[in-house]
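Me: Before we turn to particular features, I would like to go through this model carefully, with each answer showing how it is reached.

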Amino acid sequence: MPSLPHWQSEWVWLSVWAPRLFCSEVYSVMHIFQESHGLCYVSLLQKIVASGDTDRNEGLDFEEFSKYLKEHEKKLKLTFKSLDKNQDGRIDAKEIQQSLKDMGINLTDRDAETILNSIDADGTMSVDWNEWREHFLFNPADNLQEIIRYWKHSTVLDIGDSLTIPDEFTEEEKTTGIWWKQLVSGGVAGAVSRTGTAPLDRMKVFMQVHSSKSNKISLVGGFKQMIKEGGVASLWRGNGVNVIKIAPETAIKFMAYEQYKKLLAKDGGKIQSHERFMAGSLAGATAQTAIYPMEVMKTRLTLRKTGQYSGMFDCAKKILKKEGVKAFYKGYVPNILGIIPYAGIDLAVYETLKNAWLSKYAKDTANPGVLVLLGCGTISSTCGQLASYPLALVRTRMQAQASMEGSEQVSMSKLVKKTMQKEGFFGLYRGILPNFMKVIPAVSISYVVYEYMRSGLGISK
């Protein structure tokens with residue numbers, strides 16, 4: 001059978017590329033390998049140890065091994081059920097063909113039978129649960145198709161920040177063109193979500209820049225002050241550019257992510273978690289570098305007084321004329337540095353919550369339901385914001401320096417030192433209350449709009 005491309009679904013990878021694995025006892029495993037692929041049992045055992053070695057002592061004790069088998073068997077059960085289209089408890093060649101077709105891969109009858117024969121132990125030309133389990137029990141699986149499909153994160157949930165790691169797209173989504181519909185759905189959801197929570201976002205920026213120990217600004221007082229100065233419509237200042245920048249940033253981030261993954265993945269193989277994080281961070285940095293002038297304009301427009309700028313282009317023109325090109329990259333360094341703690345913690349917390357739910361509650365499906373997804377997304381995003389918020393505050397103050405009367409133009413390190421001396425450590429968290437207040441409504445709005453957009457564009461789960 002000709003070489004096939006890498007697929008997200010772990011069972012397909014193991015069926016085609018991995019050797020047949022027979023076992024008689026837990027600790028007595030006999031490996032027979034296909035020489036054409038040059039695989040060694042040592043590498044397979046290393047994968048098993050790496051998956052189950054929770055204390056990182058390069059070995060498995062009985063408790064770790066038992067836990068690995070229990071969790072791995074649950075994942076295998078989920079995969080088996082998703083492949084068993086007619087729910088008769090057996091998988092045949094036609095179901096294998098259909099599953100691959102759903103992923104954008106067309107196989108001949110002969111190739112489907114070849115895959116089936118590699119698993120079918122009793123020669124019935126179908127595979128039951130016991131055969132499936134015995135074949136794959138000792139092969140680590142951590143990226144199954146069904147889990148990926150239900151547990152989308154960054155595309156679905158938009159909290160108004162631009163630091164999330166891009167989404168993974170399956171081969172099916174890439175082949176059928178569903179990926180761009182997903183991106184469009186996420187973009188529209190983000191636009192609606194940001195517009196709905198724009199007053200809280202403006203309040204956050206207002207407090208980041210103007211609030212201090214000597215000039216304390218409360219939520220109610222801040223809103224009254226903004227409405228008195230510019231009316232109710234002023235609560236949405238800066239939202240236009242905040243929405244406009246979604247499209248170019250998403251497109252650049254996605255394209256850069258795909259390229260970085262190819263560069264970082266070893267020999268074109270499966271990308272590991274740390275490589276995915278590195279690729280995502282680099283893609284985020286690339287996108288931020290390209291659209292950062294829009295970030296600066298968003299801050300200036302958010303803080304502007306009535307009549308100061310007539311719009312986005314007028315703002316850009318005046319900044320360029322008075323301050324030069326460099327002004328469009330003020331606060332760039334803390335912004336880029338903020339990607340690492342935000343994306344890293346957001347991803348780590350989300351993965352931890354996801355795995356905890358799958359381990360404890362997943363029985364017949366990997367679909368956690370809307371409330372669990374929203375909860376996991378909200379918690380992980382909040383943790384990411386807590387870690388990166390001081391850098392976000394420094395970035396915003398640097399972006400706003402020239403627009404503040406009598407404000408000294410200082411570097412990032414001096415601004416941090418000055419803030420700590422005058423306001424203490426918690427001075428780095430000015431404006432975090434309205435920032436937290438917008439998370440739940442932002443996540444909820446973006447999720448609902450995302451689902452409506454998916455439905456409207458003909459994407460089914």
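**Burial, helix packing and backbone**

Me: In which helix is the place of glutamate 351?

Reply: This is a predicted model, in which local features need pLDDT of at least 70, side-chain atom pairs count only at pLDDT 80 or more, and totals for chains, interfaces and linings use all residues. Residues are numbered from 1 along each chain as its sequence is written, while side-chain values use heavy atoms and leave out hydrogens and water. With helices (H or I, at least four residues) and strands (E, at least two) taken as DSSP runs numbered from the N terminus, glutamate 351 belongs to helix H16 (residues 332-361).

Me: Which relative accessible area does glutamate 351 have, and what distance separates its C-alpha atom from that of serine 380?

Reply: Buried means under 20% relative accessible area and exposed over 50%, with partly exposed in between (1.4 Å probe, protein chains only), so glutamate 351 is partly exposed at 28%. Although glutamate 351 and serine 380 are 29 residues apart along the chain, their C-alpha atoms are separated by 8.9 Å.

Me: Is glycine 338 buried or exposed?

Reply: Glycine 338 also lies in helix H16, and its C-alpha atom is 8.4 Å from that of alanine 387, 49 residues away along the chain. Because its relative accessibility is 3%, glycine 338 counts as buried.

Me: How is helix H9 oriented to helix H20?

Reply: Two packed helices are described by the angle between their axes and the distance between the axes. Axes are lines fitted to C-alpha atoms, for helices over the stretch in contact, and angles run from 0 to 180 degrees between N-to-C directions; the axes of H9 (residues 178-196) and H20 (residues 439-456) come within 8 Å and cross at roughly 140°. Angles under 35 degrees count as roughly parallel, over 145 as roughly antiparallel, 65 to 115 as roughly perpendicular and the rest as oblique. The orientation of H9 to H20 is therefore oblique.

Me: How many nonpolar residues are in the contact of H9 with H20?

Reply: With contact meaning heavy atoms within 4.5 Å, the participants include Val184, Val188 and Val192 of H9, and Ile445, Val449 and Met453 of H20. Ala, Val, Leu, Ile, Met, Phe, Trp, Tyr, Cys and Pro count as nonpolar, Asp, Glu, Lys and Arg as charged, and the others, Gly among them, as polar. Besides 5 polar residues and 1 charged residue, the number of nonpolar ones is 9.

Me: How many charged residues are in the contact of H17 with H20?

Reply: Helix H17 (residues 370-400) and H20 pack at an angle of about 135°, with their axes 10 Å apart, which makes H17 oblique to H20. Among the residues that meet are Leu373 and Leu374 in H17 and Ile440 and Val443 in H20. The contact of H17 with H20 divides into 7 nonpolar, 4 polar and, for charged residues, none.

Me: What is phi of glutamine 87, and what is phi of methionine 125?

Reply: Most residues other than glycine have a negative phi. Glutamine 87 lies in the loop between helix H3 (62-83) and strand E3 (90-92), and is exposed at 54% relative accessible area; methionine 125, in the loop between helix H5 (109-117) and strand E4 (126-128), is partly exposed at 34%. Phi is positive in glutamine 87, at about 55°, and also in methionine 125, near 60°.
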